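This report looks at how a protein chain is held together in its interior. The sequence and model come first, then the contacts, the core and one helix pair.

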Amino acid sequence: MSKAGSKKSSKAAKRPTANGIPILPRQGSLQGASEFYDFACKVMLIGDSGVGKTCVLVRFKDGAFLSGSFISTVGIDFRNKVVNVDGAKVKLQIWDTAGQERFRSVTHAYYRDAHALLLLYDVTNKTSFDNIRAWLSEIHEYAQQDVVIMLLGNKADMQAERVVKREEGEKLARDFGIAFMETSAKTGLNVELAFMAVAKDLKSRKTRKPNDPKFSVTEYVDQEKQNQGCCS
Ligand SMILES: Nc1nc2c(ncn2[C@@H]2O[C@H](COP(=O)(O)OP(=O)(O)O)[C@@H](O)[C@H]2O)c(=O)[nH]1
Ligand SMILES: [Mg+2]
């Protein structure tokens, strides 16, 4: 789906900068975007089929909830969204792995240049939770060392059907040292927070001075969840 890289255009000289640092697109596919942005990063949604990846993406991008037959399940596709992080524009290129969910079938090349991975399970589907460990070993094998991984327990609105406790998700995330939250594409719970945490991490990596404290996605997410006064 990426626009065919129409070689270098004469506009290339006008590259954006932030704090004097030139911003270079990480990938050819990020070039040629019409929006202005300071930083760009690639975020991938992964997890078993049916956990709500497409819905989470649509909720974040369009603020809507899709149900039933409106959801296309064909191919791998992405959507761009530019968000504002402390005055900087961060472009998130969010990839949906539709139709590639079976274990080890997501093309490994997609992992390699991902800045962040949102790993979803469905709180009403125990198998999707049990498969998280397999997804994590896959990720550790193929993704970049410093990739941001966030575990999302989606469909938190379905309390009556819930079979995975929030504490179980928290424990798994703690065991693997990754950030965790429960989300709902239906109500919008924590969807924005998940993507904003990723955007903040990227911005911090690009602008951090050597003596500045390192941004911690896990701490940021925990803090924000506390500020909301609730978390699931
Ligand atoms: N109640 C509820 N249903 C959801 C939520 N997210 C997704 N769904 C439903 O779950 C099904 C699968 O969602 P989809 O986004 O296609 O999953 P994907 O295969 O991971 O992309 C659809 O029927 C959605 O409407 C959610 O947060 N709450
Ligand atoms: Mg999908």
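In this predicted model, residues 24 or more positions apart account for 70% of the contacts with a separation of 6 or more. The protein has seven helices and eight strands. Of its 232 residues, 36% are buried.

**The core**

The largest nonpolar core holds 54 residues. Val43, Leu117, Leu118, Leu119, Met150, Ala194 and Val198 touch the most other members. Both helices and strands are among the elements giving two or more residues to this core. They are listed below with their residue ranges.

| Element | Residues |
|---|---|
| Strand E3 | 39-46 |
| Helix H1 | 53-62 |
| Strand E5 | 88-96 |
| Strand E6 | 116-122 |
| Helix H4 | 132-142 |
| Strand E7 | 148-154 |
| Strand E8 | 179-182 |
| Helix H6 | 191-207 |

Helix H6 supplies the largest share, nine residues.

Which residues does Leu119 touch, leaving out those up to four places away in sequence? Its partners are Ile46, Gly47, Ile132, Trp135, Ile149, Met150, Leu151 and Leu152.

**The H1-H6 pair**

H1 packs against H6 at an angle of about 80°. Their axes lie 9 Å apart. Angles of 65 to 115 degrees count as roughly perpendicular, so H1 is roughly perpendicular to H6. On the H1 side, Val56, Arg59 and Phe60 make the contact. They meet Val191, Glu192 and Phe195 of H6. Four residues of this contact are nonpolar, two are charged and none is polar.

How values were computed:
Residues are numbered from 1 along each chain as its sequence is written. Chains are lettered from A and ligands numbered from 1 in the order in which they are written. This is a predicted model: local features need pLDDT of at least 70, side-chain atom pairs count only at pLDDT 80 or more; totals for chains, interfaces and linings use all residues. A nonpolar core is a set of buried Ala, Val, Leu, Ile, Met, Phe, Trp, Tyr and Cys residues joined through C-beta atoms within 7 Å. A residue is buried if 20 or more other C-beta atoms lie within 10 Å of its own, exposed if 12 or fewer, and partly exposed in between; C-beta atoms are placed from the backbone. Helices (H or I, at least four residues) and strands (E, at least two) are DSSP runs, numbered from the N terminus. Two residues are in contact if their C-beta atoms, placed from the backbone, lie within 7 Å. Axes are lines fitted to C-alpha atoms, for helices over the stretch in contact, and angles run from 0 to 180 degrees between N-to-C directions. Angles under 35 degrees count as roughly parallel, over 145 as roughly antiparallel, 65 to 115 as roughly perpendicular and the rest as oblique. Ala, Val, Leu, Ile, Met, Phe, Trp, Tyr, Cys and Pro count as nonpolar, Asp, Glu, Lys and Arg as charged, and the others, Gly among them, as polar.
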